[in-house]
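Thanks for making the time this morning. I would like to walk through one model with you, moving from its sheet to its cavities and then to two individual residues.

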Amino acid sequence: MTREITYAEAIREGLHQAMELSADVVLMGQLVDYKSGVFGTTTGLVEKFGTDRVQDFPVSEAAMTSVGMGAALAGLRPVVVHQRLDFMMYSLDCLVNWMSLWHFKSNGKSRVPMTIRAIVGKGWGQGPQHSKSLHSWFGHLPGLKVAIPSTAFDAKGLLLESIFGEDPCIIIENRSLFSMQNSVPQVPYRVRFGEAAIRTSGNDITLACLGYMVPLAMKTARELAQDDIGVEVIDLRTVSPWDKKTVFESVEKTGRLAVADPAWSSISFASEVIAAVSEKLGSKMKSNPVRICYPDSHTPMSQSLENVYYPTVESLKKQVRETLR
């Protein structure tokens, strides 16, 4: 049975079901035990599972992440919530020098089954310290899995896949998606890392995208379809690993590629996708690929400047049309 619920409700349901399925699943983070529940994603969990399994944490990102890793090594399956991805940078030593290396350095004998939920803001005056999508940073590290769900269905499924997997995973959630609804099964289910989803089919151009760029891309495809332009929207869903096969097959069909990546243009994940496609199919492409990203500038605070800074449906349509010329 499925029903319409929000992205935030899907996360809460996934956490609730994971904690019911296994007593090893624990949740920690700043204010996870408050009624507001991190934008509603953890509300009610402390009442159901108690303070031993749902723990508030001091404002110390490095300590919280390190404690989470220690819990994973001790046999638990911790979910650590970083309300602001930007301040997760304080935990880079644990991420880079310990968590991502552990399986390798143990010669495959030890794993770190840990999930990090990292929330990034977009719009409504978040400014430069609350708006950085650093998925390409994390995806650059061998040993870390990275996901950016764009739908409530994927938010729950990727979360459960991460919690019950054996590798450290970072799931990046865009705050602007939390109120969006779509059909989500009531039962637990898992969405595999490295499997993209074709959201709309088309023969003229492949538009690969991530996170909140996916709803923009789908609206772009619907509007361009009125002018007989077929846009194939591919929701990559995960950055590490990412689904090269689906993208390659789509570009072989369309001959054109645009990548909508919610990050700065330079050294972005869009650059990686374009490089891989160019290496594989460059001689077969009908036009140069294009990146649709943020300008290489810090995020402004004022709403009027945000409206210029962030890509829109109109800017996506413009760049797709230019690629088709």
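**A sheet, two cavities and two residues**

Let me begin with the pairing of β5 and β7, which run parallel and are joined by six bridges. Within that pairing, Val 120 has Asn 174 of β7 as its bridge partner. Please keep in mind throughout that this is a predicted model.

On its other pairing with β6, residues 145-147, strand β7 again runs in the parallel sense, here over three bridges, and Ala 147 is the residue that stands opposite Ile 171 of β7. Strand β5, which covers residues 115-120, is also joined to β4, residues 77-82, by four bridges, and these two strands run parallel as well; in this pairing Val 80 stands opposite Ile 116 of β5.

If we now step back to the whole sheet, seven strands form an open arrangement in the order β3-β2-β4-β5-β7-β6-β12, and the pairing overall is mixed. The edges are β3, residues 54-56, and β12, residues 238-240, each of which pairs on one side only. From one strand to the next, the twist averages 20 degrees.

How many of the residues of β7 are buried? Six of the six are, so the strand is largely enclosed by the rest of the structure. Both of its faces are covered, with Cys 169, Ile 171 and Glu 173 buried on one side, and Ile 170, Ile 172 and Asn 174 buried on the other.

Two helices that lie across the sheet deserve a mention here. Helix α1, residues 7-21, lies across β2, β3, β4, β5 and β7, and runs at about 150 degrees to β7. Helix α4, residues 61-73, lies across β2, β4 and β5, and its direction makes an angle of about 165 degrees with β4.

Let me turn to the empty space inside the model. The count comes to two cavities of 30 Å³ or more. The largest has a volume of about 40 Å³, and its lining consists of Val 120, Ser 133, Ile 148, Ile 172, Asn 174, Gly 211, Tyr 212 and Pro 262. You will recognise Val 120 and Asn 174 in that list, since I named them earlier as bridge partners. By class, this lining divides into five nonpolar residues, three polar and no charged.

The second largest cavity has a volume of about 30 Å³, and is lined by Ser 131, Lys 132, Ser 133, Trp 264, Tyr 294, Thr 299 and Tyr 309. Its lining has three nonpolar residues, three polar and one charged. Ser 133 appears in this lining and also in that of the largest cavity.

I will finish with the two residues. Is Thr 246, in helix α10, buried or exposed? Its relative accessible area is 17%, and because the cut-off for burial is under 20%, Thr 246 counts as buried. Leaving aside neighbours within four places in sequence, Thr 246 is in contact with Ala 196, Ile 198 and Ile 234.

Pro 215, by contrast, sits in helix α9, residues 213-225, and at 25% relative accessibility counts as partly exposed. Not counting residues up to four places away in sequence, Pro 215 touches Leu 177 and Met 180. From Pro 215 to Thr 238 there are 23 residues in sequence and 16 Å in space, taken C-alpha to C-alpha.

Note on methods
Residues are numbered from 1 along each chain as its sequence is written. This is a predicted model: local features need pLDDT of at least 70, side-chain atom pairs count only at pLDDT 80 or more; totals for chains, interfaces and linings use all residues. Side-chain values use heavy atoms; hydrogens and water are left out. On a 1 Å grid over the protein atoms alone, a cavity is a set of points where a 1.4 Å probe fits but cannot get out, and a pocket is an open set with protein on both sides within 12 Å along at least five of seven lines; lining residues have an atom within 4 Å of a point. Grid points are joined across faces, edges and corners, and a volume is the space filled by probe spheres set on the points. Ala, Val, Leu, Ile, Met, Phe, Trp, Tyr, Cys and Pro count as nonpolar, Asp, Glu, Lys and Arg as charged, and the others, Gly among them, as polar. Two strands pair if DSSP finds at least two bridges between them. Axes are lines fitted to C-alpha atoms, for helices over the stretch in contact, and angles run from 0 to 180 degrees between N-to-C directions. Contact means heavy atoms within 4.5 Å. Buried means under 20% relative accessible area, exposed over 50%, partly exposed in between (1.4 Å probe, protein chains only).
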